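Biologist: I should like to learn how to read the features of a structure that is new to me. May we look at it together and take them one at a time?

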Amino acid sequence: MIDTEPFPDFIRGLTDARLDFDGLHGWRLSGEQGVVMFMAATKDVHVPTHHHDAQWGIVIAGEMELTINDETRIYRAGETHFIPAGVDHEARIRAGWRGVYVFCKTEP
């Protein structure tokens, strides 16, 4: 059986991540040390170059092309990646992609 829903109801019931990209949806769970985000793409999405706190992620369905600094790689289901704090990165996410991300809050 193929799972056609992005995530179960209890995850989709978390706080909306308010992503600014048409076709990219996210739900977040926040704590003192960071944020866990569950994200899904309903169509192809380009996330332009940006940077933020450290990020670890795993692709759970579909694929995305991720450029970290100047190195580009395609990530598919089951593959993980780590982006250190402040490092430029950009993504080209394919429709049907799903991922789980942990963002570490940097110390003040």
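Modeller: Let us begin with a single residue. At 21% relative accessibility, E90 counts as partly exposed, because the class of buried residues is reserved for values under 20%. Please keep in mind that this is a predicted model.

Biologist: With which residue does E90 form a salt bridge?

Modeller: The partner of E90 is R92, and their closest N and O atoms are 3.9 Å apart. R92 is likewise partly exposed, at 36% relative accessibility.

Biologist: How many salt bridges does the structure hold, and which residues do shared partners join into one network?

Modeller: The structure holds six salt bridges. Through shared partners, E63, R76 and R94 are joined into one network. One link runs between R76 and E63, with the closest N and O atoms 3.2 Å apart. Since R76 belongs to strand β7 and E63 to strand β6, this pair ties together parts that lie 13 residues apart in sequence. A further salt bridge connects the side chains of E63 and R94, at 3.9 Å from N to O. That pair links distant parts of the chain, for E63 is in strand β6 and R94 in the loop between β9 and β10, 31 residues apart.

Biologist: Are the members of this network buried or exposed, or in between?

Modeller: They fall in between. R76 is partly exposed with a relative accessible area of 43%, E63 is partly exposed with 24%, and R94 is partly exposed with 29%.

Biologist: Let us turn to the strands. Which strands pair with β10?

Modeller: To read a pairing, one looks for the bridges between two strands and for their relative direction. Strand β3 (residues 34–41) is joined to β10 by seven bridges, and the two run antiparallel. Within this pairing, G34 has C104 of β10 as its bridge partner. Strand β5 (residues 55–61) also pairs with β10 in the antiparallel sense, over six bridges. There, Q55 is matched with F103.

Biologist: Why is β10 described as largely enclosed by the rest of the structure?

Modeller: The reason lies in a count of its buried residues. Strand β10 covers residues 98–104, and five of the seven are buried, so the rest of the structure largely encloses it.

Biologist: Which residues touch the most other members of the largest nonpolar core?

Modeller: That core has 20 residues, and L24, M64, L66, I93 and W97 touch the most other members. The elements giving two or more residues to this core are β3, β4 (45–50), β6, β9 (89–93) and β10. The largest share, four residues, comes from β3. Apart from this core lies another, of six residues, including F7, I11, W27 and V100.

Biologist: What is L66 in contact with, leaving aside its neighbours within four places in sequence?

Modeller: With those neighbours set aside, the contacts of L66 are E71, T72, R73, Y75, H81, I83, H89, E90 and A91. When the same neighbours in sequence are left out for P48, its contacts are F21, H89 and E90. P48 is in strand β4 and, with a relative accessible area of 40%, is partly exposed.

Biologist: How far apart in space are P48 and C104?

Modeller: From C-alpha to C-alpha they are 21 Å apart, with their positions 56 residues apart in sequence.

Biologist: Which residues make a nonpolar patch on the surface?

Modeller: W56, F82 and V102 make a nonpolar surface patch of about 280 Å². Of these, W56 lies in strand β5, and its relative accessibility of 36% makes it partly exposed.

Biologist: Finally, how should one read the phi angle?

Modeller: The general idea is that most residues other than glycine have a negative phi. A positive value in such a residue therefore merits a note. R18 has a phi near 50°. This residue lies in the loop between β1 (15–16) and β2 (24–30), and its relative accessibility of 71% classes it as exposed. N69 also has a positive phi, near 55°. Its place is the loop between β6 (63–68) and β7 (71–76).

Terms used: Residues numbered from 1 in each chain as written. Predicted model: local features only at pLDDT ≥ 70, side-chain atom pairs only at ≥ 80, totals over all residues. Heavy atoms only, no water. Buried < 20%, exposed > 50% of the residue type's maximum accessible area, 1.4 Å probe, protein only. Pairing = 2+ DSSP bridges. Patch = residues over 30% accessible without salt bridge, like charges linked within 9 Å, V, L, I, M, F, W, Y side chains within 5 Å. Areas by Shrake-Rupley, 256 points an atom, 1.4 Å probe, with all protein chains shown as cover. Salt bridge = Lys/Arg side-chain N within 4 Å of Asp/Glu carboxyl O. Core = buried A, V, L, I, M, F, W, Y, C linked by side-chain atoms within 4.5 Å. Contact = heavy atoms within 4.5 Å.
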